[in-house]
Amino acid sequence: MTDIRVPTLGESVTEATVGQWMKKEGDAVALDETIVELETDKVAVTVSAPAAGVLKSIAAQEGDTVELDALLGQIEESGAVAAPKSNGNGAGATAAAAPDTAGQRVEIVVPASGESVSEADIGEWMVKVGDIVTVDDPVVSLETDKAAVDVSAPASGTITEILAQEGDTVSVGSMLAVMVTGAATAGAAAAPKPAAAPTPTASAPSAAPISPAPRRVIEQNNLDASQISGTGKGGRITKGDALAYVAGGGAAAKAPAAAKPSAPRDLGPR
């Protein structure tokens, strides 16, 4: 059995109310399919199936108040589903077929990043349309005023659409991309990924590529990127790094223009 539990809901949120079950006991569910909606004082959160199989039990009913990590229900995984009995001539001896998740459309959305964070900037896409990804592969980096957050693939499959470009500002819950699960990933999963190019360290931030969000802050404040230490992946400068540099007085060092020489004064005849 696989437990369905209440996920982390936010920095200061410790409980939620079960809003609506999208499935009932006995229904087949696919991996990452939305099965229940939880409601808090701040936001509604959907909980996805942690495995493919059959919803065997519902432990929390609609309207119940549940705490973090509380049990919501249980799924009997596909491989554990009992096979029907044979009728004597071999018919019915095949195990119950697992729910077919091939070709399922899965949305990649902006996750909640903290109680007071309502939007983020697209820092960098690690994938492009047509790329094959496996579950939990990082696909895009988001930048807020406080931190950089990697968003991972919610399932294995192929990226079919990218809906927000680098530098765009996106709100929590908005759609970033669409992927399709499918057998195309099965054959590709065994293929080794190309070795990643060496990434620059934070000691030389000017050598790391700068994404659009921090670049805007750097240009607007006339900053020298080589003086900003990057805390992002591979030493990249994040928007938060650039804003922190400005807040620390870094912009003041380069902002003043050189004083122009004063015009000579007419001292009259000597």
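**Cores, sheet and helices**

Leaving out neighbours within four places in sequence, Leu142 touches quite a list of residues: Val110, Pro111, Ala120, Asp121, Ile122, Gly123, Ala147, Ala148, Val149, Val151 and Leu176. The model is a predicted one, and Leu142 is a handy way into it. Leu142 belongs to the largest nonpolar core, which has 21 residues. Along with Leu142, the residues with the most contacts inside that core are Ile108, Ile122, Trp125, Val140 and Leu176. Five stretches of the chain each give two or more residues to this core: strand 9 (105–109), strand 10 (119–125), strand 12 (138–143), strand 14 (157–162) and strand 16 (175–180). Apart from this core lies another, made up of 17 residues, including Ile4, Val18, Ile58 and Val66.

Some of the strands that feed the largest core turn up again in a sheet. Here, 4 strands line up in the order 9-16-14-11, giving an open sheet with antiparallel pairing. Strand 9 sits at one edge and strand 11 (132–133) at the other, each with a partner on one side only. Strand 11 runs antiparallel to strand 14, and 2 bridges join them. Val133, for instance, has Gly157 of strand 14 as its bridge partner.

Next come two helices that pack against each other and against some of the strands above. In helix 2 (212–220), the buried residues are Pro212, Ala213, Pro214, Val217 and Ile218. Their cover includes strand 10, strand 12 and helix 3. Helix 3, spanning residues 239–247, buries Lys239, Gly240, Asp241 and Ala242. These buried residues pack against strand 10 and strand 12, and against helix 2 as well. Strand 10 and strand 12 are thus met again here, having each given two or more residues to the largest core. After each of the two helices comes a residue with a positive phi: Asn222 follows helix 2, with phi near 55 degrees, and Gly249 follows helix 3, with phi near 90 degrees.

Stepping back to the whole chain, the secondary structure adds up to 3 helices and 16 strands. The chain has 270 residues, and 32% of them are buried. Among contacts with a separation of 6 or more, 60% link residues that are 24 or more positions apart. As for the surface, the chain exposes about 15300 Å², with carbon and sulfur atoms supplying 51% of that area.

Key: Residues are numbered from 1 along each chain as its sequence is written. This is a predicted model: local features need pLDDT of at least 70, side-chain atom pairs count only at pLDDT 80 or more; totals for chains, interfaces and linings use all residues. Side-chain values use heavy atoms; hydrogens and water are left out. A nonpolar core is a set of buried Ala, Val, Leu, Ile, Met, Phe, Trp, Tyr and Cys residues joined through side-chain atoms within 4.5 Å. Buried means under 20% relative accessible area, exposed over 50%, partly exposed in between (1.4 Å probe, protein chains only). Contact means heavy atoms within 4.5 Å. Two strands pair if DSSP finds at least two bridges between them. Accessible areas come from the Shrake-Rupley method with a 1.4 Å probe; for residues, only the protein chains shown count as cover.
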